[in-house]
Amino acid sequence: MQMGLVGLGKMGGNMRQRLRQAGHTVVGFDTDPGLSDAESLTDMVEQIDSTPRVVWIMVPDTVVDTVIDELAGVLGEGDVIIDGGNSRWVHDRPRAQRLAGRGIEYLDCGVSGGVWGITQGYALMVGGDEGTVAKVQPIFDSLKPAGEFGFVHAGEHGAGHFAKMVHNGIEYAIMQAYAEGWELLEAAGHVRSVRETFNSWREGSVIKSWLLDLAVNALNEDEHLDQLKGYAEDSGEGRWTVEAALDLAVPVPNIANALFARFTSRQDEAPAMKMIAAMRNQFGGHTVRDVGASPEHIESAPGEEPAHPAEQ
């Protein structure tokens, strides 16, 4: 298929490459001219000469509406906009309704995979009409991992971003559990090598996971995480998950505690938060604070460029 892709940071840039490797024609636009294939959003759309014209957006939630409004002026009946960023789900239905008035179809797509998605594939959670999903299914098939899993049409507009929000809330809690276990093992002194203990859990253990693999990667690079500050940001989805749980009266104590632990990390040095920071850096190239550098220092994931505003 031919398509446009807006936002070519860590996620968007890698997605463009994966889609091209699968045989799709992708015209990318970014505010950084060095990354862009087009001079403007209008130029990007004009380069797409097949129908329906499909544009995938990978930009921060704060600018999604600005991008959508500009695209709505150059797209037309039957064209499709996919918001693949970490947008708040409550915005999706109004966006879909606004675009429907112009005959433009809309999908919200939660995307997980971080900097590894280019080779491993991306987990995709889609919200919107079934007919629209079918129109662009070849794009989803190329982005998802090989095999049976990694894609779900989660429901109507908003369902994709809601599912991704909850996914990230679960991620917070799992990471916090690994981090607290790591801190306890380090503090006790009874275990000869905490790194090798974590490494041993990667096979045969009921707590093995990709996040555990990434934790071991981080320990292989800095065995006691001496080079990191115990400071971890939250990118919004954890807060939204807790807010949704409050609205629905659903108890999510582990997710809430993991979110509050990140707030605590910004007040005092917290050893467990070194592991949280390390794992976030491993899967997403998210910012970490080096003990020997200024607060603005960015340490990227292995082989990746520094963080981009459209990070996932």
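Is Leu35 buried, exposed or partly exposed? Leu35 counts as partly exposed, because its relative accessibility is 29%, and the partly exposed class runs between 20% and 50%. Keep in mind that this is a predicted model. Here's a quick look at Leu35, then at His161 and helix 12.

**Leu35, out in a loop**
- You'll find Leu35 in the loop that runs between strand 2 (25-29) and helix 2 (41-46).
- Setting aside neighbours within four places in sequence, Leu35 is in contact with Leu8, Arg16 and Asp30.
- Leu35 and Gly9 sit 26 residues apart in sequence, and their C-alpha atoms are 8.6 Å apart in space.

**His161, in helix 8**
- His161 belongs to helix 8, which covers residues 159-188.
- His161 counts as buried because its relative accessible area is just 2%, and the cut-off for buried is under 20%.
- Once residues up to four places away in sequence are left out, His161 still touches Asp83, Gly85, Ser87, Trp89, Asp92, Tyr106, Asp108, Cys109 and Gly110.

**Helix 12 and what covers it**
- Helix 12 takes in residues 253-265, which makes 13 residues.
- From first C-alpha to last, helix 12 reaches 18 Å, close to the 18 Å expected at 1.5 Å a residue.
- Its buried residues are Ile255, Ala256, Ala258, Leu259, Ala261, Arg262 and Ser265.
- Helix 8, helix 11 (237-248) and helix 13 (271-284) are among the things covering those buried residues of helix 12.
- Helix 8 turns up twice here: His161 is placed in helix 8, and helix 8 is part of what covers the buried residues of helix 12.

Key. Residues numbered from 1 in each chain as written. Predicted model: local features only at pLDDT ≥ 70, side-chain atom pairs only at ≥ 80, totals over all residues. Heavy atoms only, no water. Helix = DSSP H or I, 4+ residues; strand = E, 2+ residues; numbered from the N terminus. Buried < 20%, exposed > 50% of the residue type's maximum accessible area, 1.4 Å probe, protein only. Contact = heavy atoms within 4.5 Å. Expected span 1.5 Å × (residues − 1).
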